[in-house]
Amino acid sequence: MSIEQPTLAPADFARIFGVSEAGIDDRLRHLIAERDFRYSPLDRQETGRVADEIRGRLDRQDFSQVGEHRLGIWRDAWSETLDRFVRSGHAVSALDPSFMGANPILRLDGRFVRAADPAFERRFFEVFRDWLFRTWLADVGSLWEFGCGSGFNLAAYAALYPGRRVVGLDWAESAVEIAELLRTQRGLPVSGRRFDFFAPDTGLDLASDSAVLTMCALEQTGTRFRPFIDFIRSKAPRRVVHMEPVVDLYDPNNPVDALAIRYHRDRGYLDGLLPCLRDLDAAGEIALRVVRRLRFGSLFHEGFTLIVWEPQ
């Protein structure tokens, strides 16, 4: 007799997002229903094997640290995406990042699980992104995504809010070119512009009704995120939304989280952002609206922590 696999249902997404079940509307329910969110929690033996593999890779230092020295890596990655986008006849589906779904083992609620669908992580992200855009980015005049990468978020937002200005900013020229092609080849109100987190362009003009978005992009700044935060505060947009890995919210007493902490530190990912924003909030310089760990992520760590704040 087979055991039925658990699956993420609307009530689970409500819990993950931190809303009532009524907050999962018909549109989201449809998105969830048409996707395969079945998974199998790993047993103790499988968990131990996966943990040993992660420790082995960390011990071998298989991972490079983040920073501006990785510009070439991202340039090459987004150049490949650009080529794929062009070859596809500018199909938006060609913009989906290849690193989403690279491993069937994922993190959910502080444990390892095996996804039934290889696209589980991307499908989860699609549901989350739709909820996020319609919850926190619906009442703005324009969207500025810093670290826009493949441009798949730009395309999704522009399709959801036709006619609204969307700007994609990235330090890789290939990412900027993708954003430009979304306008010239897809007819979307998207433009691209080069931007360096470490040396923000102070001449950039953001309207007071604009929103700023970063999604697993600010992570690349490590402890050097403050120039960007100060830059954004000086521009005073309506709202700032981050979806980034936040090491402060892991539980070091949880073995699965402990591995993510080590991975996060070893790679030099974003560190100190949450304490910084909490200090600014306490000083009345920003209003910190949401800090929400979704408790979902890839094999090595969680990139799904939501932070929403507004300059004051």
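Helices here are DSSP runs of H or I of at least four residues and strands are E runs of at least two, both numbered from the N terminus. By that count the protein, a predicted model, has 10 helices and 11 strands.

**Whole chain**

Start with all residues shown as a C-alpha trace. Along the principal axes, the C-alpha atoms fill a box of roughly 60 × 40 × 40 Å. The radius of gyration is 19 Å, which agrees with the value near 20 Å for a compact globule of 312 residues.

Next, show the surface. About 13600 Å² is exposed, and carbon and sulfur atoms supply 47% of that area. Of the 312 residues, 54% are buried. Contacts can be taken up at this point too: among those between residues at least 6 apart in sequence, 73% join residues at least 24 apart.

Now colour the charged side chains. There are 41 positive and 46 negative ones, and the centres of the two sets lie 1 Å apart. The salt bridges number 31.

**Helix α1**

Select residues 10-17, which form helix α1, and pick out Ala-11 within them. Ala-11 counts as partly exposed because its relative accessibility is 38%, between the limits of 20% and 50%. Then add Phe-112 to the selection. Ala-11 and Phe-112 are 101 residues apart along the chain, and their C-alpha atoms are separated by 20 Å.

**Asp-62 and its surroundings**

Move to the loop between α3 (44-59) and α4, where Asp-62 is placed. What is the relative accessible area of Asp-62? The value is 37%, so Asp-62 is partly exposed.

Select Arg-57 as well. Asp-62 and Arg-57 form a salt bridge, with the closest N and O atoms 3.4 Å apart. Arg-57 is also a partly exposed residue, at 30% relative accessibility.

Keep Asp-62 and add Arg-267. The two are 205 residues apart in sequence, while their C-alpha atoms are 9.9 Å apart in space.

**A salt-bridge network**

Select Glu-34, Arg-35, Asp-96, Arg-122, Arg-123 and Glu-126 together; salt bridges link these residues in a network. Within that selection, zoom in on Asp-96 and Arg-122, whose salt bridge has its closest N and O atoms 3.2 Å apart. Asp-96 is in the loop between α4 (71-87) and β2 (105-108) and Arg-122 is in helix α5 (residues 120-136), so this pair ties together parts that are 26 residues apart in sequence.

Is Arg-122 buried or exposed? Arg-122 counts as buried, because its relative accessibility is 19% and the cut-off for buried is under 20%.

**Asp-109**

Select the loop between β2 and β3 (111-115), which holds Asp-109. Check the backbone here: Asp-109 has a positive phi of about 55 degrees although it is not a glycine. At 27% relative accessibility, Asp-109 counts as partly exposed.

**Helix α6**

Select residues 152-160, helix α6, and show side chains. Phe-152, Asn-153, Leu-154, Ala-155, Tyr-157 and Ala-158 are buried in this helix. An α-helix has 3.6 residues a turn, so residues three or four places apart point the same way.

Which elements pack against the buried residues of α6? Add α5 and α7 (173-184) to the view for the helices, then β4 (142-146), β5 (165-170), β6 (190-194) and β7 (210-215) for the strands; the buried residues of α6 pack against each of these.

**Arg-193 and Asp-201**

Select Arg-193 and Asp-201 and display their side chains. They meet in a salt bridge, at 2.9 Å from N to O. Arg-193 counts as partly exposed at 35% relative accessibility, and Asp-201 is partly exposed with a relative accessible area of 31%.

**Arg-295**

The last stop is the loop between β9 (286-293) and β10 (296-297), where Arg-295 lies. What is phi of Arg-295 near? It is near 60 degrees, a positive value in a residue other than glycine. Arg-295 has a relative accessible area of 30% and is therefore partly exposed.

Technical notes. Residues numbered from 1 in each chain as written. Predicted model: local features only at pLDDT ≥ 70, side-chain atom pairs only at ≥ 80, totals over all residues. Heavy atoms only, no water. Rg over C-alpha atoms; globule rule 2.2 N^0.38 Å. Buried < 20%, exposed > 50% of the residue type's maximum accessible area, 1.4 Å probe, protein only. Contact = heavy atoms within 4.5 Å. Areas by Shrake-Rupley, 256 points an atom, 1.4 Å probe, with all protein chains shown as cover. Lys, Arg positive; Asp, Glu negative; His and termini not counted. Charge placed at Lys NZ, Arg CZ, Asp CG, Glu CD. Salt bridge = Lys/Arg side-chain N within 4 Å of Asp/Glu carboxyl O.
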